[in-house]
Amino acid sequence: MARDDRESKRGTAADRVAVPTVDAVLFDMDGVVTDTAEAHAAAWKLLFDGYLEQRAAERGGQFRPFDPDSDYREYVDGKPRYDGVRDFLASRGIELPYGSEDDPPEKETVSGLGNRKNRHFRTWLRNHPVKTFPGALALIAALKDARIKVAVFSASRNAEVVMRSAGVLDLFDAKVDGADLAKLRLPGKPDPAMLLAAAARLGTPPGRAAVVEDALAGVEAGARGGFGLVIGVDRAGQGQRLQEAGADLVVGDLAELALEDGRRFVVKTLQRLPSVWPCEATIRARIAG
């Protein structure tokens with residue numbers, strides 16, 4: 001789909017009711033299928049606040065804590081762990097050596113801090129069951145009924161553990177996660193490589209696939225990858241930014257979407273409800289009864 005066509009379809013969810021047909025849908029895991037964004041944000045805050053406070057005490061300067069809302073969305077959401085460490089620290093004017101991915105969590109390197117964050121998140125996983133979003137599960141079921149292939153992608157190397165905890169691992173026809181990124185040496189989002197790999201595993205050209213994302217980096221990756229449709233899920237009041245990043249369609253929850261004619265997404269709006277007047281007699285009779 002041409003970029004100009006994408007631009008013409010941007011607006012509010014109510015403005016866009018008909019979109020291109022698709023043969024496959026690619027779902028981001030965190031924040032779209034599984035409700036783990038709060039846990040990730042908490043783990044990042046625990047990491048960065050501890051590191052920044054210690055750094056300020058040792059080297060001087062003001063301690064400014066990590067914002068689990070704005071900093072999370074801007075610098076780490078949807079990205080591979082080490083990229084998130086590097087990008088957030090760069091926003092504070094801090095540059096650390098990358099180190100080795102085998103660095104212990106106590107080491108002051110990008111890898112060491114990333115491994116420390118992973119330790120915090122794994123602790124959370126051991127103590128909490130992973131919840132899912134009902135609207136996402138209902139949409140996946142509808143897609144499978146329509147014989148539309150579905151894949152899941154995530155920059156997290158914990159993706160399989162998370163999906164097993166949530167009971168959703170077997171719902172998907174293909175999966176690409178952080179372990180695959182490392183093995184295949186693929187760049188993380190906003191580069192579209194991970195999404196393109198997921199589409200390839202489904203055997204579907206990007207132009208015939210939709211991407212569902214809640215992160216700005218993921219939406220940008222879908223737009224850059226030439227996917228036929230990029231759906232932004234606005235769970236954090238950033239609908240305008242999702243559109244600016246490249247979302248063709250923005251909804252607050254996937255329960256707002258339905259399938260029409262088997263392979264076309266529509267948004268459930270008042271304008272699409274059937275008229276009451278042809279059913280007036282039936283309605284009056286049921287009320288009277």
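**View 1. Packing of helix 2 against helix 5 in the predicted model.** Helix 2 spans residues 37-59 and helix 5 spans residues 110-127; their axes lie 9 Å apart and the two helices pack at an angle of about 135 degrees. Helix 2 is therefore oblique to helix 5. The crossing of the pair is right-handed. Helix 2 contributes Ala-39, His-40, Ala-43, Trp-44, Leu-46, Leu-47 and Tyr-51 to the contact, and helix 5 contributes Leu-113, Arg-116, Lys-117, His-120, Phe-121 and Trp-124. Sorted by class, the residues in this contact of helix 2 with helix 5 are nine nonpolar, two polar and two charged.

**View 2. Surroundings of Tyr-51 in helix 2.** Tyr-51 is one of the helix 2 residues that make the contact with helix 5. The relative accessible area of Tyr-51 is 4%, so the residue counts as buried, the limit being under 20%. Apart from residues up to four places away in sequence, Tyr-51 touches Leu-89, Ile-94, Leu-96, Glu-108 and Leu-113. Among these, Leu-113 is also one of the helix 5 residues in the contact with helix 2. For scale, Gly-78 is 27 residues from Tyr-51 in sequence, and the C-alpha to C-alpha separation of the two is 22 Å.

**View 3. Crossing of helix 4 and helix 5.** Helix 4 covers residues 81-91, and its axis comes within 9 Å of the axis of helix 5, with a crossing angle of roughly 115 degrees. Helix 4 passes helix 5 in a right-handed sense. On the helix 4 side the contact is made by Arg-81, Tyr-82, Val-85, Arg-86 and Leu-89; on the helix 5 side it is made by Val-110, Ser-111, Leu-113, Gly-114, Asn-115, Lys-117 and Asn-118. This contact of helix 4 with helix 5 holds five nonpolar, four polar and three charged residues. Leu-89, listed here for helix 4, is also touched by Tyr-51.

**View 4. Asp-71 in helix 3 and its contacts.** Helix 3 consists of residues 70-76 and includes Asp-71. With a relative accessible area of 11%, Asp-71 falls under the 20% limit and is therefore buried. A polar atom of the Asp-71 side chain lies 2.9 Å from the backbone nitrogen of Asp-67. When neighbours within four places in sequence are set aside, Asp-71 is in contact with Pro-65, Phe-66, Val-76, Phe-88 and Arg-92.

**View 5. Arg-147 in the loop between helix 6 and strand 2.** The loop that holds Arg-147 connects helix 6 (134-145) with strand 2 (149-153). Arg-147 has a positive phi, near 60 degrees, and is a residue other than glycine. Its relative accessibility is 71%, so Arg-147 counts as exposed, for which the value must be over 50%.

**View 6. Backbone geometry in the loop between helix 8 and helix 9.** Helix 8 covers 178-184 and helix 9 covers 193-202; Pro-190 is found in the loop between them. The peptide bond joining Lys-189 and Pro-190 is cis, with omega of about 20 degrees. Arg-185 is placed in the loop between helix 8 and helix 9. Although not a glycine, Arg-185 has a positive phi of about 55 degrees. Arg-185 is exposed, with a relative accessible area of 77%.

Note on methods:
Residues numbered from 1 in each chain as written. Predicted model: local features only at pLDDT ≥ 70, side-chain atom pairs only at ≥ 80, totals over all residues. Heavy atoms only, no water. Axes fitted to C-alpha atoms, helices over the stretch in contact; angles between N-to-C directions. Helix = DSSP H or I, 4+ residues; strand = E, 2+ residues; numbered from the N terminus. Parallel < 35°, antiparallel > 145°, perpendicular 65-115°, else oblique. Left-handed = near helix turned anticlockwise from the far one by under 90°. Contact = heavy atoms within 4.5 Å. Nonpolar A, V, L, I, M, F, W, Y, C, P; charged D, E, K, R; others polar. Buried < 20%, exposed > 50% of the residue type's maximum accessible area, 1.4 Å probe, protein only. Polar contact = N/O pair within 3.5 Å; in protein donor to acceptor, adjacent residues only side chain to side chain.
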